[in-house]
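Student: Could we go through the salt bridges here?
Tutor: Yes, let us open the model and take them in turn.

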Amino acid sequence: MKNRGISEKFISDLKAGTLYPVLEAVLHDDTLCLEIRDNYINIYYRGGNMIRILERPSGYAAAFDIKYCDHKTTSEKFKQQILSAKTVLEYTNLIPFLKAEMDLYFYEHPKIEREIQQHILRENNRTSIAKDTDYFIADIEYANAQNGSRFDMLAVKWPSNSPARKISKGLGLSIIEVKYGDNALMGTAGLEKHFSDITSFLTMYPVTYICTEAQRMLNQKIELGLIQGLKEGTKITIGPEKKPEFILLIANHKPASTILKRELTNIIKTDTYKWLIERMDIRIASSSLMGYGLYEKAMSSLEDFINEN
């Protein structure tokens with residue numbers, strides 16, 4: 001399999017070439033995030049893919065998903081204005097209007113879980129506390145076409161208060177699944193399905209593969225200035241010999257509900273869990289008082305969480 005990432009020319013054009021207005025827009029607006037794919041980038045807003053920019057032999061092509069205009073107040077004239085945009089710069093100039101369209105779309109078609117993913121990325125990568133949390137987000141909406149697996153987030157664990165923070169080599173990989181509310185914990189897209197997905201992925205590909213992907217994406221984000229507190233020349237490596245983490249981040253679980261404890265209790269009885277726990281540290285994320293900063297000390301094992309709740 002080919003490791004995702006963008007070319008040196010793509011990076012150079014974002015930093016100081018024809019694509020600089022795109023990077024400048026993201027760097028000056030932390031409601032946007034730039035995610036690296038296979039020879040293209042996605043600019044996300046509120047968890048939705050606002051603009052896709054693809055590198056081609058003849059230059060760069062940009063696209064906006066016109067579905068975000070499918071709401072009650074969009075005019076056909078404005079749709080045509082968006083569809084008539086041809087260049088990356090034309091799309092970049094339309095960002096304030098595209099955001100307004102997406103705001104109206106998400107009012108009618110909420111995607112709260114994806115918005116939370118972007119909030120987590122923002123707090124751990126882009127804000128003033130980013131240098132103090134213990135994780136950096138390498139990617140959101142990581143998808144694998146070969147086996148249909150999709151992980152909400154790939155992160156790099158780099159503890160902030162240890163001497164090791166000065167060493168950028170041999171860091172740990174974390175795969176994060178985000179769930180919003182107790183109803184999301186059950187059913188065809190519930191917690192059990194995610195355990196099956198990650199098991200399927202790891203039986204098909206060695207963990208070194210996903211480590212290489214996360215490492216390359218985070219290094220390219222650092223080079224583009226997208227990680228607060230890390231200098232452009234910083235290079236990280238992920239140590240595949242370190243046991244990776246599988247983190248469940250449950251947003252707005254109702255403490256009085258028994259659903260989460262029941263689902264976790266069922267999961268730890270399965271052969272899937274027994275196979276996976278030998279290969280990954282499985283954790284439940286808790287907030288540090290409030291917020292989405294990720295801290296090593298706020299991670300507990302499934303067994304500890306069940307016993308405490």
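**Salt bridges and burial**

Tutor: One residue to start from is Glu 141, which is buried at 7% relative accessibility, where buried means under 20% relative accessible area, exposed over 50%, and partly exposed in between (1.4 Å probe, protein chains only). This is a predicted model, in which local features need pLDDT of at least 70, side-chain atom pairs count only at pLDDT 80 or more, and totals for chains, interfaces and linings use all residues. Residues are numbered from 1 along each chain as its sequence is written, and side-chain values use heavy atoms, with hydrogens and water left out.

Student: Which side chain meets Glu 141 in a salt bridge?
Tutor: That is Arg 150, at 3.1 Å from N to O, and Arg 150 is partly exposed at 41% relative accessibility. A salt bridge here is a side-chain nitrogen of Lys or Arg within 4 Å of a carboxyl oxygen of Asp or Glu.

Student: How many salt bridges does that rule give?
Tutor: The count comes to 21 salt bridges.

Student: OK, what about Lys 243 and Asp 281?
Tutor: Their side chains form a salt bridge at 3.7 Å, N to O. Lys 243 lies in the loop between helix 8 (207-223) and strand 8 (245-251), while Asp 281 is in strand 9 (residues 281-285), so the pair ties together parts 38 residues apart in sequence; helices (H or I, at least four residues) and strands (E, at least two) are DSSP runs, numbered from the N terminus.

Student: And which residues are joined into one network?
Tutor: Salt bridges with shared partners join Arg 4, Arg 37, Asp 139 and Glu 213.
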